[in-house]
Amino acid sequence: MQQQLTRYIWHNGEFIAWDDAKVHVMAHGLNYASVVFEGIRCYATPRGPAIFRLREHLERLLRSCHIYRMEVPYTLEDLVAACKELVRRNEVSECYIRPLVFRGYGAFGVNPFPCPIETYIACWVWGRYLGEEALEEGVDACVSTWARIAPNTLPALAKVAANYMNSQLIKMEAIVNGFAEGIALDIYGNVSEGSGQNVFLVLNGKVLTPSLSSSILPGITRDTVLRICQMLGLEAQETTIPREMLYIADEVFFAGTAAEITPVRSIDRIRIGTGRRGPITKRLQEEFFAIATGRKEAPGDWLTYVEE
Ligand code: PPE
């Protein structure tokens, strides 16, 4: 995957060099996964770099922290300004932004309260998440033998590092078996999400995606897709989706910040639809990229221009 580092990282209100962004090995977050994070894309537009749905991502960051009783000493607007300044200073026209909030170094043991809260924001240039051809050709996926995290164990609505151990099991199993990505079911056997993306399917002209009660991350790309469906007059529904509906769907696609909108051409070696990117997936991709790159007007404050 194409990637390119940048010069500066934002740390607790200051800009530091990329190589200086280090933590102690005994930091609480490293020992006990007390790390909340976000992933945000900034796209090149005719008016310069624009960060896509920045406020929604930072709101989710602060909400993830709230669930875990982490007091972030910055407001939403502080973090908005920090992200904009970070992109400006790093002089990139497009990038992926990774805010991180974690319990730092200070005390030993599970009790997180004595450890200081550390806030970092990094960015780098990141290419296509599931491969260069994925957006057009689609990817081969499998249903994972690992279920997504169960309710009342780890909260799925929070984007925290701990949840990504489950994601890693899903992803590694998929890769070693020759698939690009795995789709996890929830503990009841209904479709949940990919290791790092939400899942959509198209059946009889209707766009369907698992509801928030299927242990999914409330994806901002997922919300964007649902909003675009509304704008295009496509019928869309959040619902419970049995596993086998994936196989009989006319189209399946992944939606996430890193993965953007990636078609799925097969699942468990069963061809999906025609085995190629479907027409509705293509239409949604076109609309999504036109909006994200400022070629088509975005609703409300979806684009935060870095140079304003
Ligand atoms: N589910 C999971 C488990 C997930 O990690 C993501 C994002 C989504 C759904 C989609 O959410 P959103 O980005 O708000 O549309 N995964 C991020 C991290 C990927 C990584 O490898 O790291 C991302 O896409 O940025």
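The following exercises, each with a worked solution, concern the predicted model of one protein.

Residues are numbered from 1 along each chain as its sequence is written. In this predicted model, local features need pLDDT of at least 70, side-chain atom pairs count only at pLDDT 80 or more, and totals for chains, interfaces and linings use all residues, while side-chain values use heavy atoms, with hydrogens and water left out.

**Exercise 1. The whole protein**

Task: Determine how many helices and strands the protein has, and what radius of gyration it has beside that of a compact globule.

Solution. Step one is to take the DSSP runs, where helices are H or I with at least four residues and strands are E with at least two, numbered from the N terminus. This gives eight helices and 18 strands.

Step two applies the globule rule, 2.2 Å times the number of residues to the power 0.38, with the radius taken over C-alpha atoms. For 308 residues the rule gives a value near 19 Å, and the protein has 19 Å, which agrees. The box filled by the C-alpha atoms is roughly 55 × 45 × 30 Å along the principal axes.

Step three turns to burial: buried means under 20% relative accessible area, exposed over 50%, and partly exposed in between, with a 1.4 Å probe and protein chains only. Of the 308 residues, 54% are buried.

**Exercise 2. Two helices**

Task: State what span α8 reaches, what span α5 reaches, and which residues of each are buried.

Solution. The expected span of a helix is 1.5 Å times one less than its number of residues. Helix α8 (residues 279-292) has 14 residues and reaches 20 Å from its first C-alpha to its last, close to the expected 20 Å. Helix α5 (residues 163-176) also has 14 residues; its span is 21 Å, close to the expected 20 Å.

The next step is burial. Ten of the 14 residues of α8 are buried, so this helix is largely enclosed by the rest of the structure. Among them are Ile280, Leu284, Phe288, Phe289 and Ile291. In α5 the buried residues are Asn163, Tyr164, Asn166, Ser167, Ile170, Glu173 and Ala174. Their cover includes β4, β9 (139-143) and β10 (181-185), by contact (heavy atoms within 4.5 Å).

The last step looks past the helix ends. Gly294 follows α8 and has a positive phi near 70°, and Gly178, just after α5, has a positive phi of about 90°.

**Exercise 3. Positive phi outside glycine**

Task: For Ala33 and Glu91, find where each residue lies and whether each is buried, partly exposed or exposed.

Solution. Most residues other than glycine have a negative phi. Ala33 has a positive phi of about 60° although it is not a glycine. Ala33 lies in the loop between α1 (28-32) and β4 (35-37). Its relative accessibility is 28%, so Ala33 counts as partly exposed.

Glu91 has a positive phi near 50°. The loop between α3 (76-90) and β7 (95-103) holds Glu91. With 72% relative accessibility, Glu91 counts as exposed.

**Exercise 4. A charged residue**

Task: Decide whether Arg222 is buried or exposed, and name residues that it touches.

Solution. First, Arg222 is placed in helix α6 (residues 220-232). Second, its relative accessibility is 5%, and therefore Arg222 counts as buried. Third, leaving aside residues up to four places away in sequence, Arg222 touches several residues, including Asn198, Phe200, Leu212, Ile216 and Glu238.
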